[in-house]
Amino acid sequence: MRAWLRESLSRRSLLWGGAAAASGSMLGSIAAGSRTSHENHGDHSVVTTDATPDGSHSAHGNMITVGDVDATRNGFDPSSLLTDWDTGIVSALPDGRTLRTFEIIGEDKEIEIAPGILFPAWTYNGRVPGPSLRVTEGDRVRIVFHNNGSHRHSIHFHGIHSARMDGIPGAGEIGPGEEFTYEFDALPFGCHLYHCHSLPLKRHIHKGMYGAFVIDPDPTRHPELAEVARSRLLGTPENQGWQEFVMVMNAFDTNFDGENEVYAVNTVAHHYAKHPITVVRGKPVRIYLVNVVEFDPINSLHLHGNFFDYYDHGTTLTPTLRTVDTVMQCQAQRGIVEFAYRDHETGLYMFHAHQSEFTELGWMGMFDVVEAAA
Ligand SMILES: [Cu+2]
């Protein structure tokens, strides 16, 4: 982009310019009920908007995208991504331990990240973020990785494993058409992640090759806090008393200038603002929060009308921060957020990055707090 133009445009404008370039067509409007003007700067199209509230999804902030992405074409819906854990194919090892086997396919795929904005992603299993892998502390984990993409890729897990299983060039990085099997014991328990570690790293990460990797604590290994551990162990009665969601904070550089134009949780800008996450009043909420945003050093989560406890990296059974309403994460940092709407009125409660620019460019959502069904 020409320097004079770049200086004259905010990143918001770049978003819509990038959208036009990516989709090959001008966006008709940004906000319902808004006045939209189109300007042409040489070969770059810019859309500006004087937004007005439309009274529906915009009651808490009208500066959001309008319309919806095509979840069917994408092959994934952020509302489903919140809870669609992949626990693998379970079998028993000769020593009686649990073996969980996962199959992950790397592939190129164009995905829609905001209405009308297509992004040429590199994916695990055709989705961004990749599958949310969930295992139990001490399990043997086996991941069979097929690279059907157009570039070399790997899967680098944050966890404890041997150098051979590290998923870096020379140790589990494979070319197109190749296959590699990663294997290790699931340690330590916590809220982790995995991502491609091919070079250039920032390109491979920001193209979409990442996902959550949660290791539930084994209650028998933590007798002093067994009840807390059981509440984290997927499928236990204690765990079913919680509302758990996985949120991967990500962003997209749609014009490949080394800066992001779209921010989100679970890929689609403003998805949870348009499709609020239902939360039952009084039932505790646990969020597995992972930050994979490239190019911007710090991201954050801020919760409205409430405070939460936080477990940095999820590797402890007692909170590392108590009674906070904002937490920041650098890239690859993650943690567990726990709270409840106990004495609150029902209604829509916002959550968002407290980097206001990120919020306006997609990283904002709503919890819809409802009464439990009678
Ligand atoms: Cu890669």
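**A walk through the predicted model**

Strand β13, spanning residues 243-252, is mostly covered, with 9 of its 10 residues buried. That is a handy place to start in this predicted model. On one hand, β13 pairs with β16 (residues 285-291), the two strands running parallel and being joined by 7 bridges. Within that pairing, M249 stands opposite N291 of β16. β13 also pairs with β14 (residues 262-265), this time in the antiparallel sense and over 4 bridges. Here N250 has A264 of β14 as its bridge partner. So a parallel and an antiparallel pairing both involve β13, and M249 and N250 give one example of each. As a general point, side chains in a regular strand alternate between the two faces of the sheet.

Next comes a sheet built from other strands. Five strands make up an open sheet with mixed pairing, in the order β15-β23-β22-β17-β20. Its edges are β15 (277-280) and β20 (326-330), each of which pairs on one side only. Going from one strand to the next, the twist averages 25 degrees. At the β15 edge, the pairing is with β23 (residues 364-370), in the parallel sense and over 4 bridges. T278 can serve as a marker for this pairing, since its bridge partner in β23 is D368.

Stepping back to the protein as a whole, the secondary structure comes to 9 helices and 23 strands. Of the 374 residues, 44% are buried. Contacts often link distant parts of the sequence: among those between residues at least 6 apart, 67% join residues at least 24 apart.

How confident is the prediction, and what is its average pLDDT? The average is 87, and 83% of the residues score at least 70. Residues 1-60 are another matter, with a pLDDT below 50. In the model, this stretch has 94 contacts beyond near neighbours in sequence.

A few backbone details are worth a look as well. The bond from V128 to P129 is a cis peptide bond, with omega near -5 degrees. P129 sits in the loop between β6 (117-124) and β7 (132-136). Another cis peptide bond leads from L199 to P200, again with omega near -5 degrees. The setting for P200 is the loop between β11 (190-195) and α5 (201-206).

Positive phi values turn up at residues that are not glycine. One of them is N125, with a phi of about 60 degrees. N125 belongs to the loop between β6 and β7, the loop that also holds P129. Is N125 buried, exposed or partly exposed? N125 counts as partly exposed because it has 19 C-beta neighbours inside 10 Å, where 20 or more would be needed to call a residue buried. T323 has a positive phi too, of about 55 degrees, and is not a glycine either. Unlike a loop residue, T323 lies in a strand, namely β19 (residues 321-324). With 10 C-beta neighbours inside 10 Å, T323 counts as exposed, because the cut-off for that label is 12 or fewer.

Terms used:
Residues numbered from 1 in each chain as written. Predicted model: local features only at pLDDT ≥ 70, side-chain atom pairs only at ≥ 80, totals over all residues. Pairing = 2+ DSSP bridges. Axes fitted to C-alpha atoms, helices over the stretch in contact; angles between N-to-C directions. Contact = placed C-beta atoms within 7 Å. pLDDT = per-residue confidence, 0-100.
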